Amino acid sequence: QRALDTIGHNVANVTTPGYSRQRVELATRPPQLNSSGFIGTGVDITAITRSYDQFLTNELRTGTSGYHESSTLASLANGLDNMLADQNSGLSPVLGSFFDAIQGVSNDPTSVAARQALLGEAGSLVTRFQGLNDWLDTTRRSLGARMDTNVQEINQLASSIATLNQQIIDAQGSAGGQPPNDLLDQRDQLVLELSAKVSITTTTQEDGALNVFIGSGQSLVLGVQHSSLGLVDRISDPGQFDITIGAPGSPAVVVTSLIKGGELGGVLHYRDQVLVPAMNDLGRLAIELGTFMNEQHRSGVTLDGQPGLDLFSVASPQVVPDNGNGGTIAVAFDDVSQLTADDYRLAFDGFNWALTRAGNGQVVPLSGSGTVADPFVAEGISITIGAGALAGDGYNVRPTRDGAGSINVLTGNPRDLALASPVSAAAALANTGTGQITPGTVTDINNPA
C-alpha cells in the first residue's frame with residue numbers, strides 16, 4: 001500500500017519543477033520459527049528515498065551557472081556590437097566623411113566653401129564621438145538596475161534556503177533521521193535557481209542543513225542563517241557599482257572581483273571586460289585623432305598667413321586620489337600612440353611606486369624617476385610625483401575615459417584652418433641652370449632657428 005501511495009505521489013508531481021522520483025525501500029522481516037521451520041513474515045519499509053545523484057546535481061548547477069553567464073554576456077555584447085558597427089550610428093561613416101572633406105580641401109585649399117564643409121564634417125565627427133560616449137556611459141550606469149535586481153533575487157533565494165534548512169533539520173530530527181524528500185527537492189530547486197544568478201558551491205551538515213558559498217568561499221547560507229548581498233556606488237568612479245556581502249550584525253565587505261558565473265557574473269563580465277574597455281578605446285581613438293590632427297594643423301598657416309592653432313580640444317587623463325593621501329601627482333600624455341584601453345592603479349609603499357592594471361593587477365613597468373625633469377613614463381602617459389607622499393598613498397588613473405566625451409572643434413571660422421605650408425619656394429624665371437628647389441620641411445613652426 002505504501003508503494004502504491006508513493007507511485008501515486010510520483011505521478012501527481014510529474015510536472016513539479018525540481019521533483020525527484022521517490023521509491024519505497026523494502027527489507028525482509030525476520031521469519032518466525034515453528035515446528036515446520038522458519039516461515040517468512042513479509043517485508044518492512046526501511047525508507048522512502050529519492051532517485052538522486054549528487055554528482056549530477058553539482059554538474060547541473062555548474063552548467064546552469066555557466067550557461068546564464070555566457071548568454072547574458074552574449075546578449076549585452078551583441079547590443080554594443082550592433083551600436084558601434086551600425087552604418088548610421090557607428091563611427092566609421094563619419095570618420096570616412098571627415099577624411100573625404102580633408103581631401104576636398106586639399107584639392108582646392110583656397111575655397112572657403114570646401115573649408116566650411118570640412119568644419120561641418122569635423123563637427124559631425126565630434127558629435128558622433130560624444131553621442132557614442134553618452135550611450136556607453138548611460139548603458140554602464142543602467143547596469144546598476146539590473147545588478148540590483150539580481151542582488152535582490154539572490155537575497156530572497158538565500159533567505160528561502162535558510163528557512164528550508166530549518167524545516168529539514170526539524171523534520172529529519174522528528175523522523176529519526178529519515179529524509180524529508182519533498183523538502184529536499186524544494187531546497188535543491190532553489191539552489192539550482194540560485195546557480196542561474198551566481199556561481200556557487202555547497203556543503204551538507206550532519207543535521208541535513210545545506211551551506212552555500214559564492215565567490216572564493218564567501219558564505220551566503222550557513223545552516224539557518226544567511227548573509228545578504230548589497231550594491232554600493234564606487235566613490236572613485238560614479239556610475240560603477242560594487243557588490244558587497246555581509247551577515248546580520250557584521251560590516252559588509254566588497255566582493256565584486258570574486259563574483260563569477262550566473263546572470264550577475266555575466267553582467268559584471270560585460271561591464272568590466274567589454275563595456276568599460278570599449279569606452280576607453282573610443283576615448284583613446286578621440287585623443288589620438290585630436291592630438292595628431294592638432295600637430296599637423298599647428299605645422300601649417302591659415303588663409304590669412306597666421307600660424308595654425310589646435311583644431312580639436314583633447315582630454316587630459318583622469319586621476320582620482322584615495323581619501324587621506326599625503327601627496328599629489330600630475331599625469332599627462334607622453335606618446336598617445338602608445339596608449340592602451342586600460343585603467344591603472346598607482347600605489348606608494350613608503351619606498352617605491354608601483355603601477356598596475358586596474359583589471360587584473362598586472363604590474364606595468366615604469367621608466368624614469370618621477371620628477372618634473374624625469375617623470376615616470378609607461379604606456380603613453382607620464383607621471384610626476386609631488387611632495388608629501390606617504391606610505392599607503394594610492395591613485396586611480398584613467399587615461400582615456402574622458403577622451404570621446406571631451407573632444408570639441410575649437411574654431412568655427414573656415415579661414416582659420418591652417419592648410420598651407422609656412423614655406424614657399426619658387427625658381428627665378430631668369431635661371432639658366434637645371435637646378436630644382438622644393439619647399440623643404442618645417443621641423444618647428446615656433447622656432448625660427
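The legends below describe close-up views of a predicted model.

**View 1. Asp242 and its surroundings in strand β10.** Asp242 belongs to strand β10, which spans residues 241–246. With a relative accessibility of 11%, Asp242 counts as buried, because the cut-off for a buried residue is under 20% relative accessible area. The side chain of Asp242 makes a polar contact with the side chain of Thr256, at 2.9 Å. When residues up to four places away in sequence are left aside, Asp242 touches Gly230, Leu231, Val232, Arg234, Val254 and Thr256.

**View 2. Strand β10 and its pairing with β9 and β11.** Of the 6 residues of β10, 5 are buried, so this strand is largely enclosed by the rest of the structure. Strand β9 (228–233) is joined to β10 by 6 bridges, and the two strands run antiparallel; within this pairing, Gly230 stands opposite Thr244 of β10. Strand β10 is also joined by 2 bridges to β11 (residues 253–254), again in an antiparallel arrangement, and here the bridge partner of Ile245 is Val253 in β11. Together β10 and β11 form a hairpin with 6 residues between them, and Gly249, which sits in the turn, has a positive phi of about 85°.

**View 3. The open sheet β5-β6-β7-β8 and helix α5.** This open sheet is made of 4 strands in the order β5-β6-β7-β8, and the pairing is antiparallel. Its edge strands are β5 (200–204) and β8 (225–226), each of which pairs on one side only. Strand β7 (residues 218–222) is joined to β8 by 2 bridges, with Val221 standing opposite His226 of β8. Helix α5 (residues 181–195) lies across β5, β6 (210–214) and β7, and α5 runs at about 155° to β5.

**View 4. The largest pocket and the elements that line it.** The largest pocket has a volume of about 1100 Å³. Its lining comprises 34 residues, of which Arg234, Gln240, Asp272, Ala358 and Gly359 are the closest to the centre of the pocket. Arg234 is also one of the residues that Asp242 touches. Helix α6 (262–298) and the strands β9, β15 (344–348) and β20 (394–398) each supply at least two residues of the lining, and α6 gives the most, with 8 residues.

Methods. Residues numbered from 1 in each chain as written. Predicted model: local features only at pLDDT ≥ 70, side-chain atom pairs only at ≥ 80, totals over all residues. Heavy atoms only, no water. Buried < 20%, exposed > 50% of the residue type's maximum accessible area, 1.4 Å probe, protein only. Polar contact = N/O pair within 3.5 Å; in protein donor to acceptor, adjacent residues only side chain to side chain. Contact = heavy atoms within 4.5 Å. Pairing = 2+ DSSP bridges. Axes fitted to C-alpha atoms, helices over the stretch in contact; angles between N-to-C directions. 1 Å grid on protein atoms, 1.4 Å probe; cavity = no way out; pocket = protein on both sides within 12 Å on 5 of 7 lines; lining within 4 Å. Points joined across faces, edges and corners; volume = space filled by probe spheres on them.
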